Amino acid sequence: MTSKKDLSERDICTQYIVPALIKAGWDLERQVREEVSFTDGRIYVRGTSAARGSRKRADFILYYKPNIPIAVIEAKDNKHFVGAGMQQALGYATTLDIPVAFSSNGDGFVEHDRTASSRDVERNLSLDEFPSPDELWQRYKKYKGIESPQQEQIASFDYFFDGTGRAPRYYQQIAINRTVEAIAKGQDRILLVMATGTGKTYTAFQIIHRLWKSGTKKRILFLADRNALIDQTKRGDFRHFKDRMTVIRKKKIDKAFEIYLALYQGLTSYDEDSDAYREFSPDFFDLIVIDECHRGSASADSAWREILDYFKNATHIGLTATPRETKTVSNTEYFGEPIYTYSLKQGIEDGFLAPYKVIRVGINVDLEGWRPDEGQLDKDGNPIDDRLYNTKDYDRHLVIDERTNTVARKVTEFLKKTNPFDKTIVFCVDIEHANRMRQALANANPEEVLKNHKYVMKITGDDDEGKRELDNFINPEERYPVIATTSKLMTTGVDAQTCKLIVLDSNINSMTEFKQIIGRGTRINEEFNKRYFTIMDFRNVTDLFADPDFDGHPVMVKQVLADDVLTDTDIHPEDDAVIDAETGEEIPFDAGKKDVEYERPEIIGGGGIVAEPLPKIYVAGIDVSILNERVQYMGANGKLTTGSLKEYTRSGLLNEFRSLDDFLARWNSAEKKKAVIDHLAEHDIILENLLDETRKELDLFDLICHIAWDRPPLTRRERADEVVKRDYFTKYSDKARLVLQALLDKYATDGIENIEEMKVLTIDPFKSIGTPAEIIQLFGGKAAYQATVKALEREIYRTA
């Protein structure tokens with residue numbers, strides 16, 4: 001009979017924990033999930049490729065109803081003590097917003113109750129004493145502050161299921177549950193902060209659907225500020241509302257629906273007598289969801305805010321990736337502190353968002369500035385003011401043709417090295433700059449542009465043809481356009497799943513705008529090999545990554561006193577365009593005047609614009625060159641690595657291994673060398689990155705020893721030749737020697753990881769020797785074959 005101590009962790013789960021759950025009244029089909037992976041595993045960038053780390057996985061998650069988790073269990077084998085998994089379980093419980101955690105080794109349970117007040121927080125339970133679903137539900141209600149039967153009915157109402165098996169990710173589940181629970185308890189202003197690409201619209205849909213189906217909210221308004229957002233929402237998750245949903249267009253109101261999608265601008269005319277939203281009674285809507293609420297509606301003096309004030313008796317939910325907190329605008333003042341925040345850093349750590357690497361390019365006229373020669377004239381023959389110009393001036397006040405062309409050539413060079421068809425967004429200073437950049441990129445890519453003129457397009461608010469191509473740009477199935485030059489239109493709300501390159505050639509000082517721009521690249525699309533993206537920075541914009549506000553919690557800056565008078569303006573200093581009152585799209589300050597800039601633009605009654613144009617200065621014949629270039633990778637701590645990649649890797653290796661002997665012991669004892677490499681990757685030591693800068697034919701073993709301890713390196717081919725010289729194969733049969741020589745050659749060309757997997761036997765030249773089963777039998781069976789491979793590895797790494 002097998003001893004309990006000899007059972008695996010899985011055996012403990014099956015033979016002891018599951019029967020205890022059944023005895024306590026748990027429904028295994030509806031309330032118990034085993035081996036639940038709730039993250040995707042962080043993606044680590046490896047040179048020009050990427051690999052995933054391990055997922056976080058709970059042994060058991062217990063649910064009151066689907067998507068309402070109330071307990072987590074961490075199991076260990078019986079060699080561990082009963083509470084050995086508690087710290088791990090508590091980590092999962094905190095992440096998943098679960099009140100009760102258990103640890104078990106099959107002898108019983110240790111329970112940790114985060115709702116405990118009058119008794120011990122932790123207690124030991126026998127296998128027969130595991131709590132029932134109702135008992136843990138009562139604790140969940142206490143944890144969440146759910147008191148009345150009506151609150152319970154709303155908070156426990158079913159999620160929407162479409163039959164495809166799609167379910168919310170853990171953070172979406174938390175956001176949905178917290179929001180519905182808060183509304184059940186009477187909270188009427190709610191803010192959700194979720195990084196771009198984490199599914200805010202799907203989260204909003206589930207919130208709305210649960211509240212609507214339960215009868216808690218009967219008429220709902222979903223507000224956005226751009227047509228693209230409304231169209232994506234209607235076609236996407238909200239399609240399940242079918243004929244109960246309508247989109248308000250051209251200020252035409254039909255009160256027969258229950259779910260309404262609308263632009264702010266589609267409801268207001270900046271004229272109280274003709275505002276479309278006033279056709280509804282103030283109490284018509286009982287729930288309003290404000291998408292991208294950092295734009296416009298956060299400002300108390302905004303014309304858009306009038307809509308929210310008009311429907312003030314409704315519950316308002318604000319959704320944003322970037323809460324706006326300035327001296328004049330505050331999301332938290334209006335909505336309160338976020339009920340839940342899921343940050344870019346957390347999304348990358350969980351593997352739901354793509355990490356990035358940064359290429360910072362230093363151009364001579366940017367780093368040194370540019371001063372005209374005495375008496376120098378611009379392209380129109382006018383004298384140029386004698387002063388030192390810098391990046392704050394370029395393309396806003398002063399245009400240097402050679403600088404534009406240099407940027408275009410550098411972008412083209414990068415795409416040709418990686419993939420000329422990787423979707424790319426180039427952010428420019430303004431619309432005129434975007435137009436010049438489009439032309440420069442077209443000239444830098446004549447072969448591609450001659451094949452299809454849509455290879456590079458300007459997609460800005462003033463260009464109808466460009467805007468029509470926006471859907472094609474964001475559609476992974478469409479090859480063209482490949483490169484989009486833009487100013488403001490694509491900073492937000494554009495679901496560019498396969499965007500792999502973001503080019504920054506604009507002076508971006510707003511943290512809100514910077515976060516939104518970075519969000520254009522953070523979506524992952526495994527099918528189209530989009531697992532990370534690159535940021536090419538020409539203006540030191542990525543300095544903002546070092547700002548604590550980049551991924552911190554919003555802190556309210558605005559202070560409003562009782563006698564403060566707020567002015568009627570809705571344009572912020574960093575804005576370079578205005579939003580069309582009908583379409584919500586970016587338009588230039590004066591589409592009728594070319595090549596001009598405006599000071600202090602303002603929206604006034606009826607959408608008119610008051611501004612003073614400033615002409616740009618155009619110069620040519622300037623010596624422009626790239627002086628330096630630095631590549632930075634995102635570290636495990638969410639920060640960009642500084643200094644040389646070699647020094648960064650060396651430091652990481654010396655922190656990981658106490659000495660060369662320590663490394664050799666771990667390398668030689670590893671069941672598979674790939675496990676060591678993957679372990680290093682999960683600690684942000686990406687050896688493939690360094691191979692790109694050194695000799696790619698080096699073995700990773702040699703690379704580690706050389707970088708960390710200055711050992712002279714050997715190439716893989718040199719190691720393979722040493723094995724052959726030692727006549728290592730003579731003890732094997734002729735056919736077995738063919739297999740070992742093929743394995744050695746495979747190692748020399750592709751590396752040690754490739755010969756450790758059995759599937760290597762399914763490819764050439766092994767197929768010509770025999771089937772995998774026949775080859776394995778040459779060595780006396782699977783175990784003997786694996787032992788032979790291990791012996792070959794020892795021979796490869798044998799020291800002289």
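Me: Which residues is E111 in contact with, leaving aside its neighbours within four places in sequence?

Reply: In this predicted model, E111 is in contact with M86, V100, A101, F102, R119, V121, E122, R123, L125, P131 and R139. E111 itself is found in strand β7, residues 109–113.

Me: Why is E111 called buried or exposed?

Reply: The relative accessible area of E111 is 0%. Buried means under 20%, so E111 counts as buried.

Me: What makes the pairings of E111 with R123 and R139 polar contacts?

Reply: The side chains of E111 and R123 are joined at 2.8 Å, and those of E111 and R139 at 3.0 Å. A polar contact requires a pair of N or O atoms within 3.5 Å, and both values satisfy that limit.

Me: How do you know whether N509 is buried or exposed?

Reply: N509 has a relative accessible area of 68%. Exposed means over 50%, so N509 is exposed. The residue is found in the loop between β21 (499–505) and α17 (511–518). Its C-alpha atom is separated by 7.7 Å from that of V541, 32 residues apart along the chain.

Me: Why is α12 called oblique to α13?

Reply: Helix α12 (residues 401–417) and helix α13 (residues 431–444) pack at an angle of about 50 degrees, and their axes are 9 Å apart. Angles under 35 degrees count as roughly parallel and 65 to 115 as roughly perpendicular. The angle of about 50 degrees falls between those ranges, so α12 is oblique to α13. The crossing of α12 and α13 is right-handed.

Me: Which residues make the contact of α12 with α13, and what is its make-up by class?

Reply: From α12 come T404, N405, V407, A408, V411, T412 and K416, and from α13 come R436, M437, A440, L441 and A444. By class, the contact of α12 with α13 has seven nonpolar, three polar and two charged residues.

Me: What makes α19 oblique to α20?

Reply: The axes of helix α19 (residues 660–669) and helix α20 (residues 673–682) come within 7 Å and cross at roughly 125 degrees. Roughly perpendicular ends at 115 degrees and roughly antiparallel requires over 145. The value of roughly 125 degrees belongs to neither class, so α19 is oblique to α20. The contact is made by R666, W667 and N668 of α19 together with K673, V676, I677 and H679 of α20. By class, that contact has three nonpolar, two polar and two charged residues.

Me: Why are α19 and α22 given the description they have for their relative direction?

Reply: Their axes come within 11 Å and cross at roughly 165 degrees. Angles over 145 degrees count as roughly antiparallel, and α19 and α22 are therefore roughly antiparallel to each other. α19 passes α22 in a right-handed crossing.

Me: How many nonpolar, polar and charged residues has the contact of α19 with α22?

Reply: L660, F663, L664 and W667 in α19 meet F701, I704, C705 and W709 in α22. By class, this contact has eight nonpolar, no polar and no charged residues.

Me: What makes α22 a mostly covered helix?

Reply: Helix α22 (residues 700–709) has eight of its 10 residues buried. These are L700, F701, D702, L703, I704, C705, I707 and A708.

Me: What lies at the two ends of α22?

Reply: D699 caps the N-terminal end of α22, with a side-chain oxygen 2.7 Å from the backbone nitrogen of F701. After α22 comes D710, whose phi is positive, near 60 degrees.

Me: Why do E292 and D395 count as buried?

Reply: E292 has 5% relative accessibility, and D395 has a relative accessible area of 2%. Buried means under 20%, so E292 and D395 are both buried. E292 lies in the loop between β13 (287–290) and α8 (305–310), whereas D395 is in the loop between α11 (364–368) and β17 (398–400). Neither is a glycine, yet phi is positive at about 50 degrees in E292 and near 70 degrees in D395.

Me: Where is P481 found, and what is the peptide bond that leads to it from Y480?

Reply: P481 is found in the loop between α16 (470–474) and β20 (483–486). The peptide bond from Y480 to P481 is cis, with omega near -5 degrees.

Conventions
Residues numbered from 1 in each chain as written. Predicted model: local features only at pLDDT ≥ 70, side-chain atom pairs only at ≥ 80, totals over all residues. Heavy atoms only, no water. Axes fitted to C-alpha atoms, helices over the stretch in contact; angles between N-to-C directions. Helix = DSSP H or I, 4+ residues; strand = E, 2+ residues; numbered from the N terminus. Left-handed = near helix turned anticlockwise from the far one by under 90°. Contact = heavy atoms within 4.5 Å. Nonpolar A, V, L, I, M, F, W, Y, C, P; charged D, E, K, R; others polar. Buried < 20%, exposed > 50% of the residue type's maximum accessible area, 1.4 Å probe, protein only. Polar contact = N/O pair within 3.5 Å; in protein donor to acceptor, adjacent residues only side chain to side chain.
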